[in-house]
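Biologist: Please take me through one part of this model in detail. I would like to look closely at the site where the ligands are bound.

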Amino acid sequence: MNLATKNKIIRIVLPIITAAVVLYIIKSNEHNKEVINNQAFEERFGPVMGTSGYVKIIPTSKMQSSAQDAFAVAYKATKHAEALLSRYNKSSDISKINLSKAGEKIQVAPLTWQMLMESRRFYMLSNHAFDPALGALIDIYPWKERNIDALPDQEIISSALANSGFDKISFIRDGMYVSKTNSSVTLDLGGIAKGFGVNIMAESLREQGVESAIIEIGGEIAIIGSPDIEHKSTQVIGSAEKIWTTGIKNPRGNGVIKKFASEGGVSIATSGDYEKYFTVGNKRYSHIIDPRTGYPTEGGIISATIITRDSCTTADALATAVSVLGVEKSKKLLRLYPETTAYLILNDMTEVTITGGLEEEEFKETVEKDK
Ligand code: AMP
Ligand code: MG
């Protein structure tokens, strides 16, 4: 790797390590706030992708319509994706696949195909830790309860495990057909659809000339430009504070555990065991299933945040995959993703940061050389 590339990685990765993530979107600079309060369009929206969302758009002169109209178009695009992908909508492409019999060929829309191909890539690259065909397993656990007496019986888990797995889904590219080798296997895109929805919304906003916005669905975030973009064009501002600030929720308490300043073009996603979970006695079970065992994951990671210059779909899928893989295997996976950082909180509340695209030693060496 040449020095220019290393410098580029450091320039992008370092602010991200000391920067980025979820749910708390906080503007920091007071002066800037004035400018934004005059102009920003802000909206909470949903339900979409089974959750709610938030958008903030700073209008600029390049925009083809008002921020409100731009948002309306982007929201419609995301709702369209949801209508195709939700397993809770009986007429969605995903429901058609889920209800189909083994061998039946289901033709899907191009957007569904795109989502399935992306899902398949993460399934393969994560060594099957990210598996979008775990519907049968997800359905046997009591997600609506907080406390239960015991896990489902081993036979129930084994049988659901036998009816799970993306290897039981096959694809015919010509005509975009999907079929199953086992009638009971069902798709559940819960680990990737929120990020995909954020992407669709961000792409739509960009196409409409939006240069500055933050978009969030269920904690997954995409950032377009800087919040003081208009202001910057009228005077030189040398402040690094004029960027979006996000925060990682404390997985075992209230509030934000870390605040980050996040640059435009960055996507952020978090998977954790603190919103959707149940307990048996004192033991907490996460909503992320380990596809190897059929049980809720026990990798020791209670919060996994991915910050990347890749898409929000990637951030979302990787956050889920990393939660299953645990720290060491995640390091291997993240080598495939440059300009990506994983910020992990373990069950003893220790923190681990993995830098994508580089081995830790390689990264340290690079930092030393650039000092
Ligand atoms: P996330 O919050 O993005 O990690 O998504 C968690 C959701 O993804 C769960 O509620 C399930 O719907 C689904 N899911 C659970 N385990 C997995 C897994 N191993 N791979 C892919 N999706 C999963
Ligand atoms: Mg995810």
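Modeller: Here is a walk through the metal site, the ligand beside it in the list, and two spots elsewhere in the chain. Keep in mind that the model is predicted.

Start with the metal. Which residues supply the protein donors of the magnesium ion (ligand 2)? They are Gly191, Asp316 and Thr320. Gly191 gives its O atom. Asp316 gives both O and OD. Thr320 gives OG1. These donors lie 1.9 to 2.4 Å from the ion. Along the sequence, the donor residues follow the spacing G-x124-D-x3-T.

Now look at the end of that pattern. Asp316 and Thr320 both sit in helix H10, which covers residues 312-334. They are 4 residues apart in this helix, so about one helical turn separates them. Are these two residues buried or exposed? Asp316 has 1% relative accessibility, so it counts as buried. Thr320 has 12% relative accessibility, so Thr320 counts as buried too; the cut-off is under 20%.

Next comes ligand 1. It is surrounded by 19 residues. Among the closest is Thr320, which is also a donor residue of the magnesium ion. The others named as closest are Asp188, Ser271, His287 and Ile289. Helix H10 provides the largest share of this shell, with 3 residues.

Which polar atoms does ligand 1 meet? A nitrogen atom of ligand 1 lies 2.9 Å from a polar backbone atom of Asp131. With Asp188, the side chain is involved: one of its N or O atoms is 2.7 Å from an oxygen atom of ligand 1. With Gly190, the backbone is involved: an N or O atom there is 3.4 Å from an oxygen atom of ligand 1. How much of ligand 1 does the protein bury? Taken alone, ligand 1 exposes 500 Å², and the protein buries 96% of that. The space that ligand 1 takes is the largest pocket.

Two more spots complete the tour. Ser267 belongs to strand S12, residues 267-272. With a relative accessible area of 5%, Ser267 is buried. A polar atom of the Ser267 side chain is 3.3 Å from the backbone nitrogen of Cys312. Gly219 is in the loop that links strand S8 (213-217) and strand S9 (220-224). Although in a loop, Gly219 counts as buried, at 1% relative accessibility. The C-alpha atom of Gly219 is 6.5 Å from that of Ala269, and the two residues are 50 apart along the chain.

Key. Residues are numbered from 1 along each chain as its sequence is written. Chains are lettered from A and ligands numbered from 1 in the order in which they are written. This is a predicted model: local features need pLDDT of at least 70, side-chain atom pairs count only at pLDDT 80 or more; totals for chains, interfaces and linings use all residues. Side-chain values use heavy atoms; hydrogens and water are left out. Donors are N, O and S atoms within 2.8 Å of the metal (3.2 Å for Na, K and Ca); water is not among the atoms, so sites may look incomplete. Helices (H or I, at least four residues) and strands (E, at least two) are DSSP runs, numbered from the N terminus. Buried means under 20% relative accessible area, exposed over 50%, partly exposed in between (1.4 Å probe, protein chains only). A residue is near a molecule or strand if one of its heavy atoms lies within 4 Å of it. A polar contact is a pair of N or O atoms within 3.5 Å; within protein, one must be able to donate a hydrogen and the other to accept it, and residues adjacent in sequence count only if both atoms are side-chain atoms. Accessible areas come from the Shrake-Rupley method with a 1.4 Å probe; for residues, only the protein chains shown count as cover. On a 1 Å grid over the protein atoms alone, a cavity is a set of points where a 1.4 Å probe fits but cannot get out, and a pocket is an open set with protein on both sides within 12 Å along at least five of seven lines; lining residues have an atom within 4 Å of a point. A molecule sits in a cavity or pocket if more than half of its atoms lie within 2 Å of its grid points.
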